[in-house]
Amino acid sequence: MVESALLVQLGVVGAYLVVALAVGVFAYRVTGRDAEDYYLASRSIGTGVLLFTTFATLLSAFTFFGGPNLAYASGPEWILVMGLMDGILFAILWYGIGYRQWLIGKAQGYVTLGEMLGDRFGSKRLRALVAGVSIFWLFPYVMLQQMGAGEAIVGLTNGAIPYWIGAAAITLFMIVYVVLAGLRGVAWTDTIQGVFMLGIVWIAVGWVLAAAGGLDAVSASLAETNPEFLSLGGGLYSPQWMIAQAVTIAFGVAMFPQINQRFFVAKDARVLKRSFALWPILVVLLFVPAFLLGSWAAGLGVSVPEGANVVPVLLNAYTPAWFAALVVAGAMAAMMSSSDSMLLSGSSYLTRDLYRPFVNPTASDEREAWIARVGVAAFAIGTFVASLFRPGTLIEIGDTAFGGYAQLAFPVIVALYWPRTTRQGMFAGVLGSQLFYVAHVFVPAVTVGGVSVLGSTYFTWDFALYGMILSLVLTVGVSLVTAAAPDERSETFAVGARAD
């Protein structure tokens, strides 16, 4: 009986992945071999696909497993950070950064953020710096997806399938998929997965409630076992922590390569504006049920084995094996929709911002495409090896990556909106904040004269926020005391100002 259930679970997961792969193969057949079509689908994406490809790209292990795990341990208030605060904050940034970036990209033909900034400030080194920082912080976030897949398989199969197999499976799949599909296939699959996951997670909520005796019974059980979950504040969820999380995640998301690059792909301005207007609704519709499942599991006394995630364990306890497998298959597909987008964007940064400018400026499109594919495989294998060491929880790793990307946000915003920004200001803002942030992440905290140096917080506020402020001060301050170089092109961004 146990073997039969296991076969059903693996069959459901496998079938779902085969369907996703079939979409990628079809997309490969209709995708052009030029970089703009491969990386940006020829800037032809409509509202529904843009909205859901952005949505599904963010449906990562951080959302489906890290968030519910945190809710299981500390309560459902994480919903306020991801479901409400970041839904609104990111929508504002989508307009403030994304619309201006779309206008400039459409006028100038840019494919990457580094390409846009490097051309504006006449600097290959700045282009390489932005690409290098972006690829650096991409590493832990891709690793996060592999860890999530491994832990999902452990939880779904009650440990019958080891962690490394789940992590290896998602690695192999995303390498094959990215090599084949390009952005068009990624966007199509993202749309299917986004719609599917939005529906399946609400069905899961209804099924668990029905099996557990209804909302009143679940609420009563939660009030009895974890009464602190039903009140705001306290414990982990201090106002400072929640605000810092919301700000760093929203600004970090706007700088994620796979998200930022989607600012270039809209078919027209109306598509872009409709998409960010609908974004907060979509976020709430997904994040609320996902995090409620984690909180309810704590009240229902669900025991989560070490190395597993709460959602598969909860579904195994309260839903049929095939349904639990379907939800996990969808969640794994969502993780792959994040991973394939990350790898695709990462490969564009590698080839267009590093390989072409510094290694082979005359490389053919065919050679560039092969370099991108080899880079995807090498990067994914490297993150897989790192994921086997499991250097932190899903939330810790994801939070680190968000904070690293958030340090880029203010220099980019200043460059987009302030013509007086100089090359030296950009270098100072990006390098200074990154060095500050990296030191706090990788160097152990010390105390000097009773004062914590390189601690996780200062005056109860997260160090990532101080890094963001530092990036703003350095970018503006150094720009004010330096002059633009002769090869800087301030007129490059003027199209955005005229359109506004």
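**Entry 1: α7 and α13**

I began with the crossing of α7 and α13, which is right-handed in this predicted model. I then looked up the geometry of the pair, and found that the axes of α7 and helix α13, residues 310-318, come within 8 Å and cross at roughly 20°. Because angles under 35 degrees count as roughly parallel, I noted α7 as roughly parallel to α13. On the α7 side I listed Ala152, Gly155 and Leu156, which meet Pro312, Val313 and Asn316 of α13. Sorted by class, this contact of α7 with α13 holds four nonpolar and two polar residues, with no charged residues.

**Entry 2: α7 and α17**

Next I asked at what angle α7 and α17 pack, and how far apart their axes are. Helix α7 covers residues 124-156 and helix α17 covers residues 423-442, and I recorded an angle of about 25° with the axes 11 Å apart. That angle makes α7 roughly parallel to α17, and here the crossing is left-handed. From α7 the contact takes in Arg125, Leu126, Leu129, Val133, Phe136 and Trp137, while α17 supplies Met426, Phe427, Val430, Leu431, Gln434, Tyr437, Val438 and Phe442. I sorted the residues of this contact between α7 and α17 by class and obtained 12 nonpolar, one polar and one charged.

**Entry 3: Ser433 in α17**

I stayed with helix α17 to look up Ser433, which lies in that helix. Is Ser433 buried or exposed? Its relative accessibility is 0%, so I entered Ser433 as buried. The side chain of Ser433 reaches the backbone oxygen of Gly429 at a distance of 2.8 Å. When residues up to four places away in sequence are not counted, I found that Ser433 touches Gln407, Ala428, Gly467, Leu470 and Ser471.

**Entry 4: Thr482**

I then turned to Thr482, which I located in the loop between α18 (463-481) and α19 (494-499). Thr482 has 17% relative accessibility, and because the limit for buried is under 20%, I counted Thr482 as buried. I also asked which backbone oxygen the side chain of Thr482 reaches. The partner is the backbone oxygen of Val478, at 2.7 Å from the side chain of Thr482. Leaving aside neighbours within four places in sequence, I noted that Thr482 is in contact with Arg420, Thr422 and Gln424.

**Entry 5: Trp102**

Trp102 was my next stop, in helix α5, residues 78-108. With a relative accessibility of 5%, Trp102 counts as buried. I looked up the pair Trp102 and Phe263, which are 161 residues apart in sequence, yet 5.5 Å apart in space from C-alpha to C-alpha. Apart from neighbours within four places in sequence, the contacts of Trp102 are Phe263, Phe264, Ala266, Lys267, Asp268, Ala269 and Leu272.

**Entry 6: α6 and the residue after the helix**

How many of the eight residues of helix α6 are buried? I found seven of the eight in helix α6 (residues 113-120), so this helix is largely enclosed by the rest of the structure. The buried residues of α6 are Leu113, Gly114, Glu115, Met116, Leu117, Gly118 and Arg120. I noted as well that Gly122 follows α6 and has a positive phi, near 60°.

**Entry 7: positive phi outside glycine**

I looked up backbone angles with the reminder that most residues other than glycine have a negative phi. Arg390 has a positive phi near 45° and is not a glycine; I placed Arg390 in the loop between α15 (365-387) and α16 (394-417). The relative accessible area of Arg390 is 31%, so Arg390 goes down as partly exposed. For Thr460, also a residue other than glycine, I recorded a positive phi of about 75°. Thr460 lies in the loop between β3 (457-458) and β4 (461-462), and at 48% relative accessibility Thr460 counts as partly exposed.

**Entry 8: the chain as a whole**

Last, I took down the totals. The chain has 19 helices and four strands, and buried residues account for 58% of its 500 residues. Among contacts between residues at least 6 apart in sequence, I noted that 86% join residues at least 24 apart.

Notes:
Residues are numbered from 1 along each chain as its sequence is written. This is a predicted model: local features need pLDDT of at least 70, side-chain atom pairs count only at pLDDT 80 or more; totals for chains, interfaces and linings use all residues. Side-chain values use heavy atoms; hydrogens and water are left out. Axes are lines fitted to C-alpha atoms, for helices over the stretch in contact, and angles run from 0 to 180 degrees between N-to-C directions. Helices (H or I, at least four residues) and strands (E, at least two) are DSSP runs, numbered from the N terminus. Angles under 35 degrees count as roughly parallel, over 145 as roughly antiparallel, 65 to 115 as roughly perpendicular and the rest as oblique. A crossing is left-handed if the near helix is turned anticlockwise from the far one by less than a right angle, and right-handed if clockwise. Contact means heavy atoms within 4.5 Å. Ala, Val, Leu, Ile, Met, Phe, Trp, Tyr, Cys and Pro count as nonpolar, Asp, Glu, Lys and Arg as charged, and the others, Gly among them, as polar. Buried means under 20% relative accessible area, exposed over 50%, partly exposed in between (1.4 Å probe, protein chains only). A polar contact is a pair of N or O atoms within 3.5 Å; within protein, one must be able to donate a hydrogen and the other to accept it, and residues adjacent in sequence count only if both atoms are side-chain atoms.
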